[in-house]
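Me: I am new to this structure and would like to know what stands behind the words used to describe it. Could we go through them carefully, with the cut-offs?

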Amino acid sequence: MTQPPNPVLEAVLTRRSAPRLSEPAPGRHDLERLIQAAATASDHGRLRPWRLVAVTGDERARLGDVLGEAAASPEQARRAATKPLRAPLLLSIVHCPVPDHPKVPEWEQLAATTGMVTTLSLLLHGYGWASIWRTGAAVQAPQVRKYLGVADREQLLGWLYVGTRCPSGTFAERPPFDTFAKITWLDGAGG
């Protein structure tokens, strides 16, 4: 491309999941502004089939206790209890599909939810914060769903851990992506 630098393209090309996060995380006002922007992600019918449950402060330890209760063994419980403490802010991602919508099937609603989370992750990165989307068997655990207030018809998709990237290492450049293997051109030119 010969166009001038673009901050959106730069954010997309440089965003990486951050497994180690520390303070600070965005405050309520900043987070709400970023979510407002992320809600503009593609969403047929503007259904916004999602909601977020923000877990901060001491509630992270309470969520850890609930994750521990849902674990299959004492060792897994011990590890699960510390997971929410890996970031100052956890956004529980709850997919809330509109059942039997006449124009928007549930798979498309799920795509809208994941599109919003991806957009939020890019926005966080663009403003200097970092994130990682984590999931696991706990998303199905009744006690975890109850703690977060996830209704029967809703689906817990995991947590967006949010904070500031810890300077514990650098990231290697990503190798160029082989677009040839992923794009088929039907252009009538035989190529």
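**Values and their cut-offs**

Me: What makes the reach of the Arg 145 side chain to the backbone oxygen of Ala 151 a polar contact?
Reply: The side chain of Arg 145 comes to 2.8 Å from that oxygen, and a polar contact is a pair of N or O atoms within 3.5 Å, where within protein one atom must be able to donate a hydrogen and the other to accept it, and residues adjacent in sequence count only if both atoms are side-chain atoms. The distance of 2.8 Å is therefore within the limit of 3.5 Å. Please keep in mind that this is a predicted model, in which local features need pLDDT of at least 70 and side-chain atom pairs count only at pLDDT 80 or more, while totals for chains, interfaces and linings use all residues. Residues are numbered from 1 along each chain as its sequence is written, and side-chain values use heavy atoms, with hydrogens and water left out.

Me: Why does Arg 145 have no salt bridge?
Reply: A salt bridge is a side-chain nitrogen of Lys or Arg within 4 Å of a carboxyl oxygen of Asp or Glu. Arg 145 is buried, and the nearest side chain of opposite charge, Asp 152, is 5.1 Å away, so the pair does not come within 4 Å. As for charge, Lys and Arg count as positive and Asp and Glu as negative, whereas His and the chain ends are not counted.

Me: How do you know that Glu 106 and Arg 153 do form a salt bridge?
Reply: Their side chains meet at 2.2 Å, N to O, which is within the 4 Å limit and therefore counts. This pair links distant parts of the chain, with Glu 106 in helix H5 and Arg 153 in the loop between H6 and S5, 47 residues apart. The structure holds five salt bridges, among them the one between Glu 75 and Arg 78, whose closest N and O atoms are 2.5 Å apart. Both of these residues lie in helix H4 (residues 74–82), three residues apart, or about one turn of the helix.

Me: Why is Val 66 called buried, while Arg 48 counts as partly exposed and Asp 100 as exposed?
Reply: Buried means under 20% relative accessible area, exposed means over 50%, and partly exposed lies in between, using a 1.4 Å probe and protein chains only. Val 66 has 2% relative accessibility and so counts as buried; Arg 48, at 43%, therefore counts as partly exposed; and Asp 100, at 75%, counts as exposed. Across the chain, buried residues make up 34% of the 191 residues.

Me: What is Val 66 in contact with, and where is Val 66 placed?
Reply: Val 66 is in helix H3 (residues 59–70), where helices (H or I, at least four residues) and strands (E, at least two) are DSSP runs, numbered from the N terminus. Leaving aside neighbours within four places in sequence, Val 66 is in contact with Gln 143, Val 144 and Tyr 147, contact meaning heavy atoms within 4.5 Å.

Me: How do you know that the buried residues of helix H2 share a side?
Reply: In H2 (residues 28–38) the buried residues are Leu 31, Leu 34, Ile 35 and Ala 38. They cover an arc of only 100 degrees around the axis, which puts them on the same side of H2; the arc is that of the directions from the helix axis to the C-beta atoms. The face turned away from this buried side carries the exposed residues His 29, Arg 33 and Gln 36, while strand S2 (50–56), strand S3 (89–95) and helix H5 (106–126) are included in what covers the buried residues.

Me: What makes a set of residues a nonpolar core?
Reply: Such a core is a set of buried Ala, Val, Leu, Ile, Met, Phe, Trp, Tyr and Cys residues joined through side-chain atoms within 4.5 Å. The largest has 22 residues, and those with the most contacts inside it include Leu 21, Val 144 and Leu 148. Apart from it lies another core, of 18 residues, among them Leu 34 and Trp 129.

Me: What is there to note about the phi of Arg 48 and the peptide bond between Glu 23 and Pro 24?
Reply: Most residues other than glycine have a negative phi, and most peptide bonds are trans. Phi of Arg 48 is near 45 degrees, a positive value in a residue other than glycine, and a cis peptide bond, with omega about 0 degrees, joins Glu 23 and Pro 24.
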